[in-house]
Structure formats: structure tokens, C-alpha cells
Amino acid sequence: MRTAYSVETVRNAERELMAQLPDGALMQRAAAGLAAACAGLLRDLLGRVYGARVVLLAGSGDNGGDALYAGARLARRGAAVTVVELAPGRTHDGGLTALLGAGGRVADDPFDVLAAADLVLDGITGIGGHGGLRADAVPVARAARGSGAVIVAVDLPSGVEADSGEVTGEALRADVTVTFGTYKPGLLIDPAREHAGAVRLVDIGLAPHLPSVPGLEALQHEDVARLLPVPTGESDKYRRGVVGVVAGSARYPGAAVLAVAGALRGGAGAVRYAGPRGDAVIARFPETLVHDGPPSKAGRVQAWAVGPGLGDALGDGSGPEAAVADVLATDVPVLVDADGLRLLDAETVRRRTAPTLLTPHAGEAAALLGVARAEVESGRLTAVRELAARYGATVLLKGSTTLVAEPDPAVPVRVNPTGTSWLATAGSGDVLTGLSGSLLAAGLPARDAASAAAYLHGLSARLASRNAPVAADDVAANLPEAWRNVVG
């Protein structure tokens, strides 16, 4: 599992560690790891470090110092290292002295040296920076990005918000970010994540000084494998759990089919479909238990998934409002997605004693919060936490970075690391709804069901796509392969 901590937590841990080390030792650890990463990139790019042209963009903070000390190490290995001072007179003294002593130099014209660079180290601002790059740094950052050189960010790309992943002004896009001690939330959450490139973590001894509970966590294969249900010899279809699906309409029959497709591959023993498109569902999946009346009359389930493609009326002539109210009145876990979300009342959800999982995309989340979609997309972490708190529910916020939050702010938000941009396709959310609901019915807590489903869904899309367009049905069909990939 990858974990991320807030700037305040990292600063406190660094102070504790520095109190146990000789002066400057922590910065030297960071610089050594940074220099080693840059040397590896130069060998991949040029086949050598000797003679490589390296430019350091050094601000006035410790990130500038890290870049300077790393530059000194590269200069001692024969690289031609030049520093561009973004805050002349306030550049880190020790780092600058070390660089000059190793044969580095200060640039006369930053644009000339950037135009010829093989690698640029971004040490303009650090994890404490806010509000984007200063106006005087913007032309230099743009020149670096346009130079064709490999851009390596020191700890965090300059201009992004470390704690939230927001980008509120101009920021430098890196090809690689070398971060120290632990991940920062902005390295895992868009839009900042898009600026980070490939992220490499350098161990500087910080782990013993960090709290046991992080602010953010990203599951990996072994974590998801521990969550997934495994039938025993005594299992039957009812012991494994039955998931109820309320989806689809005359206008959106495919939503019913795709939600059931995800549910059948999600670990529950059986799927009950309640809605007007039983004909389409049975034609594709004859193993489904179909009922065209209200969900409460469909039979016993261990969880409900409601919302995709509900449209205006169900098979019994009732509206979608009645179906959503019907499932919310049950005493089993309920997942609400898509059309079901617009029918929610926060107080009704908060009064439920069984778990509730909401799975909006950015537009739906914006409607629930009463804000513009752009506000959600630019501040995804804030939005998912606010939704979870307001509705007293687990919330899976879909998008380029999928986040899962609990109402309790002390519980770490989970960020999903799998997926592909090709997953932004019609119907893929319906598959995720069925998959998540099935895991709920199999007995997973809402947070785990949402996290595991998002992970499998994203991995399945990668397997189906392989850098080519993918349809929602392809994602559903590849879920068994994704499952096998995770459990080994």
C-alpha cells in the first residue's frame, strides 16, 4: 500500500528526524537519492552521465538546496551542471558553495542554457508552496518545458498544491518526480498528479516518525487480494450473497445489461434484477433472477445497487423516485449511482442504519454539493470529503483520479491507482455500479467494496484496452482476468 501524508505531518516528522541527525544530514540523504535517480535517467537517455548538460532551477527554499547538492554530485561525475537562480541572493548557501566547488556554474542567461539542456531539475518551490508559480518564474518554467529536456521535479512539481492536488496557477509539468520520505497527496490526485509524471520515492528514514494512520492511501495488488471474497466448500449461491440491481429503462436498456454484467463478475452468488428491462437482461444473462415489480417485492438480497439509466418510469409504472425510496428503506447496504443520485435527500441517507455508498462522477457530485463542476474537478479531495460528511455515506468519486471517502475525517481517503484514459466511455460507470454492489452483497464493508471495485474496474480496462479504444462491455468481460491478475 502506498501512503501519503499532509505537509504539516511531513514537516513534524522531518523535525523529529533532524533532531537525531548531524546538521545537514537529512538534506544530503535527499540529494543523494535525487542524484542517483537523475544519473539513471541520463544513462537511459544518453548512455552516460559524463558530459550531460544539467540545468538546476533553484528557488530560495530547501528544494533548491536539494537540487544544488544533487547537482554537485552529478558535476563530480562529469556532468556539465548550471544553476538558474530564481531568487538571486537567497539561494541556499551551502548547496551553491558545493555546486561551485564541484565545477558547476551560475547561468548568465537562463534561456540559453535551458535550450541546450539534457535534464532540468525543478527546485523552484517545495511542498509548502501555494498559488502557483510566481510571475518571474513562469517564463523560465515554460522554457524548461519547451526545451525537450527531461524535467525532474524535486519532491513535488513547482506550482501544485501538495495537500489537495489542486493547481491554482501556472505549474511546471515534470516527466519524473523524485519525492522524499513519503508520498504527498498532490502526487496521487489530479490535476496535480498529471504534472508529476512518473513518481519515485526515496527513503530518507522518515517512516518511523510518521503516524500509523496516513491522510491518503492507495491500494496495491496484495491489498486488494486480501479484500476479495473467496467461496468455501460450504458456500452456495445464497451464502455468497445476492445483489439486487435496479437499473435501465425504455430509453437506456443498456444500463441494465451493463450493471448486471458487472454484478455477475463481482463475487456475489446471484443477481436479482428489478426493473423494466428484464427481457434485455435475460437475453444476455439467463442466470439473472428477474422481477418487474418494486424492488422490495423482488426477493431477499444482501445489497442493492440502484440508479444507472432509470429514466422516468419502471416496469410497474412507478417512477424512479419510488424505486430509490424503496431500496433506501431496506436494512441492507445500498449503492446509489447516476439517475438515483439526483433523487437523494441527505437527511434520508443520514438516517439509514445500513451502509450507503454513493458513486457520482464530477458533474453529479457538483449537483449534490450545489457547486460548479469545475470546482469539483479542480478540488477532488475537498469535494469527496465534503460529500461523505454531508450525506453520512461512503462516497466513491469517479474520474481521472477515483477517490473513496468515509464520513469520518480521521479515516484515510483512498485513491485508486488503476485505470486508463480510455475508460472514459459510455456505460463504464454502469459496470462499476454492478461490480461494487456485488462486493457489498458478498460482505465487504462499503469502503472496501468501493476501493476493490474501482481497482478491478481500472485494471480490467487496462487489460481490455492495451492503449486502444475500449467499450464498457469489454471492461465487464475482462473483470475475471483482472481478478486473477490480482489474486495471482
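## The parallel sheet

Seven strands, listed here as 7 strands in the order β4-β3-β2-β5-β6-β7-β8, make up an open sheet with parallel pairing. Its edges are β4 (105–106) and β8 (198–202), each with a single partner strand, so one side of each has no neighbour in the sheet. Please keep in mind that this is a predicted model.

At the β8 edge, strand β7 (residues 176–180) pairs with β8 in the parallel sense over 5 bridges. Within this part of the sheet, Thr179 sits opposite Leu201 of β8. Helix α2 (residues 25–46) lies across β2 (53–58), β5 (119–123), β6 (150–154), β7 and β8, and it runs at about 170° to β6.

## The mixed sheet

There is also an open sheet of 11 strands, and its pairing is mixed. The order reads β1-β9-β18-β17-β16-β15-β14-β13-β10-β11-β12. Here β1 (2–4) and β12 (289–291) take the edge positions; each has a single partner strand, so one side of each is left without a neighbour in the sheet. On average, neighbouring strands of this sheet are turned by 20° against each other, direction ignored.

## A look at Thr394

Let us now zoom in on one residue. Thr394 belongs to strand β16 (residues 394–397), which pairs with β15 (residues 356–358) in the parallel sense over 2 bridges. The bridge partner of Leu357 in β16 is Thr394.

Thr394 is buried, with a relative accessible area of 7%. Its side chain makes a polar contact with the side chain of Glu406 (2.3 Å). Leaving aside neighbours within four places in sequence, the residues in contact with Thr394 include Thr356, Leu358, Val404, Pro407, Ala446 and Arg447.

Methods. Residues are numbered from 1 along each chain as its sequence is written. This is a predicted model: local features need pLDDT of at least 70, side-chain atom pairs count only at pLDDT 80 or more; totals for chains, interfaces and linings use all residues. Side-chain values use heavy atoms; hydrogens and water are left out. Helices (H or I, at least four residues) and strands (E, at least two) are DSSP runs, numbered from the N terminus. Buried means under 20% relative accessible area, exposed over 50%, partly exposed in between (1.4 Å probe, protein chains only). A polar contact is a pair of N or O atoms within 3.5 Å; within protein, one must be able to donate a hydrogen and the other to accept it, and residues adjacent in sequence count only if both atoms are side-chain atoms. Contact means heavy atoms within 4.5 Å. Two strands pair if DSSP finds at least two bridges between them. Axes are lines fitted to C-alpha atoms, for helices over the stretch in contact, and angles run from 0 to 180 degrees between N-to-C directions.
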